[in-house]
Amino acid sequence: MAGSDDMIGLSIAEMRDGMVLGEFTALDLAEAHISAAKNVEELCGYVTETPDQAEEMAVASDARRAKNEVGALEGVPLAIKDIFCTKNVPTTAASQILNGFRPTYESSVTANLWHAGAVMTGKANMDEFAMGSSNMTSYFGPVQNPWRREGDEQAVAPGGSSGGSAALVAARAVPGAIGTDTGGSIRQPAAFCGVVGMKPTYGRCSRWGIIAFASSLDQAGPITRTVRDSAIMLSVMAGHDPKDSTSVDVTVPEYEAALIGSMRGLKVGIPSEYRVDGMPGEIEKLWAEGADWLFRSGAELVDISLPYTKYALPAYYIIAPAEASSNLARYDGVKYGLRLSNDDLETQYAKTRGTGFGVEVKRRIMIGTYVLSAGYYDAYYLRAQRVRRLIARDFEQAFEKVDVILTPTAPHEAFTLGDKMDDPVAMYLNDVFTVPASLAGLPAISVPSGLSTNGLPLGLQLIAPAFGESTLFRAASSLESCAGFVSRPMIVAGPN
């Protein structure tokens, strides 16, 4: 029987194999990771821990295994970003306005996970309503990255908005977690925390039961420590859902099988527009090294152009706030959540929304309301939508020449916790490499590929055509193998 320390740090695939061999049970795994979470409480990775529910789910999983009823994620402990509605478990989107809200229903993605036998360890912290790139905007406090700069104990940001999910996976508190990606909210924290973060094609995973930020952009995805684990999780998470009008009825391949494919003949695009002013030389060097790894694995490198990339960030920060201002109108103190006044309706709205929403959320609501207002709708919102179409066309034309595109994930290493909070534009620039794929609805993945001179992880991003996740996983697996990233953060739940 494996000891608790032996189970911490195993991959999902290794846990799956270990349970098949009888080396440990689902309950053993659950108990080990409940204990592991206590060892990294300083990270503030969880909003809500669910130890009792985890043990109950694990016992039920072991009972199913005894009857040879084994799901694809049977007995695997997972953390759930607090933006997914989980039945009878607090779901707050890390906002005061939803503090104490307990949904009476389960999101489609989490229902898929439970049907496959997964075990919930808790709800992961995040930027409030998924708005942020640092995980500083949570009502429940900021998440710390388990990594530290060499020779410096100062906390660094885990990225956002899925920073809690990424930090917990990096710290070995869980082998996997789910997040949502609107403009890079899975990929950027994955790069900052040295883990694998994958955003599927828009419509590949159901959005039903996810608290909406920007409905035309939000997409669920896995955060894991290996590409194989990412493929295993997505195979379970994905699928058509009639409850979601944006869910696409396309067959879900067996993604894990795609990992053994050869890179021979695969064409990898290198876009010139992703070389931005002020990007550190170490990012440029790693990007070139990643391209060389894929070339030596048999791929062909092709220089490409995505000319409208430079307009992606401003277009995104018009479209996303516009949709947010509409989606967040429902939080008014009447139907559910926080209520701070029983005065007249206008006063109730003002007090509840003014107190219940944080600074960043209010900023984006105001931006969105402005760009949708009379006299500005055509000048801003419609123009941004036209630019979005041109960005998508750039990718369509590029994918006539190449199979995948390789770029950096983020323009720099993780920054000190609390930096950039007084400069929203500097914070928004964190998404410069991830937003274009989001606007085009394309699948993309961040793979940990090296360390900065300060000893912090750096990621490389691969982008594929719509519903090209199998090709994406094949290329990502090759990149992962070549990078050989085995470094671990300073703060971990088990032996380092």
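Select Gly 176 to begin. Its bridge partner in strand 6 is Thr 224. The model on your screen is a predicted one.

**Strand 4 and strand 6**

Now widen the selection to residues 176–181, which make up strand 4. Add residues 219–224, which make up strand 6. The two strands run antiparallel, and six bridges join them. Pick Ala 177 next. Opposite Ala 177, in strand 6, stands Ile 223.

**Strand 5, on to strand 6**

Keep Ile 223 selected. Ile 223 in strand 6 is also the bridge partner of Gly 197. Add residues 196–199 to see strand 5. Strand 5 and strand 6 are antiparallel too, with two bridges between them. Backbone hydrogen bonds are what pair the strands of a sheet, in parallel or antiparallel fashion.

**Around strand 6**

Show the side chains of strand 6. How many of the six residues of strand 6 are buried? Six of the six are, so strand 6 is largely enclosed by the rest of the structure. In a regular strand, side chains alternate between the two faces of the sheet. Look at one side of strand 6 for Gln 219, Gly 221 and Ile 223. Turn to the other side for Ala 220, Pro 222 and Thr 224. Both faces are covered, and each of these residues is buried.

**The whole sheet**

Zoom out and select the strands together. Eleven of them form an open sheet with mixed pairing. Follow the order 1-3-2-4-6-5-10-11-9-7-8. Which strands stand at the edges? They are strand 1, residues 46–49, and strand 8, residues 300–304. Each has a single partner strand, so one side of each is left without a neighbour in the sheet. On average, neighbouring strands here are turned by 30° against each other, direction ignored.

Now select residues 51–66, which are helix 4. Helix 4 lies across strand 1 and strand 3, residues 119–124. Helix 4 runs at about 155° to strand 3.

**Ser 11 and helix 2**

Jump to Ser 11. This residue sits in the loop between helix 1 (4–7) and helix 2 (12–20). Is Ser 11 buried or exposed? Its relative accessibility is 11%, and buried means under 20%, so Ser 11 counts as buried. Beyond residues up to four places away in sequence, Ser 11 touches Thr 226 and Asp 229.

Move along helix 2. Its buried residues are Ile 12, Ala 13, Met 15, Gly 18 and Met 19. Residues three or four places apart in an α-helix point the same way, because there are 3.6 residues a turn. Gly 22 follows helix 2 and has a positive phi, near 75°.

**Gly 333 and helix 11**

Go to Gly 333, in the loop between helix 10 (312–327) and helix 11. Gly 333 is buried, with a relative accessible area of 3%. Leaving out residues up to four places away in sequence, Gly 333 touches Leu 338, Arg 339, Gln 348 and Thr 352. Add Tyr 349. It is 16 residues from Gly 333 along the chain, yet their C-alpha atoms are separated by 6.5 Å.

**Last stop: a surface patch**

Select Val 334, Leu 345 and Tyr 349 and show the surface. Together they form a nonpolar patch with about 250 Å² of accessible area. Leu 345 belongs to helix 11, residues 345–356. Leu 345 is partly exposed, at 48% relative accessible area.

Note on methods:
Residues are numbered from 1 along each chain as its sequence is written. This is a predicted model: local features need pLDDT of at least 70, side-chain atom pairs count only at pLDDT 80 or more; totals for chains, interfaces and linings use all residues. Side-chain values use heavy atoms; hydrogens and water are left out. Patches are made of residues with over 30% relative accessible area and no salt bridge: like charges are joined within 9 Å, nonpolar side chains (Val, Leu, Ile, Met, Phe, Trp, Tyr) within 5 Å. Accessible areas come from the Shrake-Rupley method with a 1.4 Å probe; for residues, only the protein chains shown count as cover. A salt bridge is a side-chain nitrogen of Lys or Arg within 4 Å of a carboxyl oxygen of Asp or Glu. Helices (H or I, at least four residues) and strands (E, at least two) are DSSP runs, numbered from the N terminus. Buried means under 20% relative accessible area, exposed over 50%, partly exposed in between (1.4 Å probe, protein chains only). Two strands pair if DSSP finds at least two bridges between them. Axes are lines fitted to C-alpha atoms, for helices over the stretch in contact, and angles run from 0 to 180 degrees between N-to-C directions. Contact means heavy atoms within 4.5 Å.
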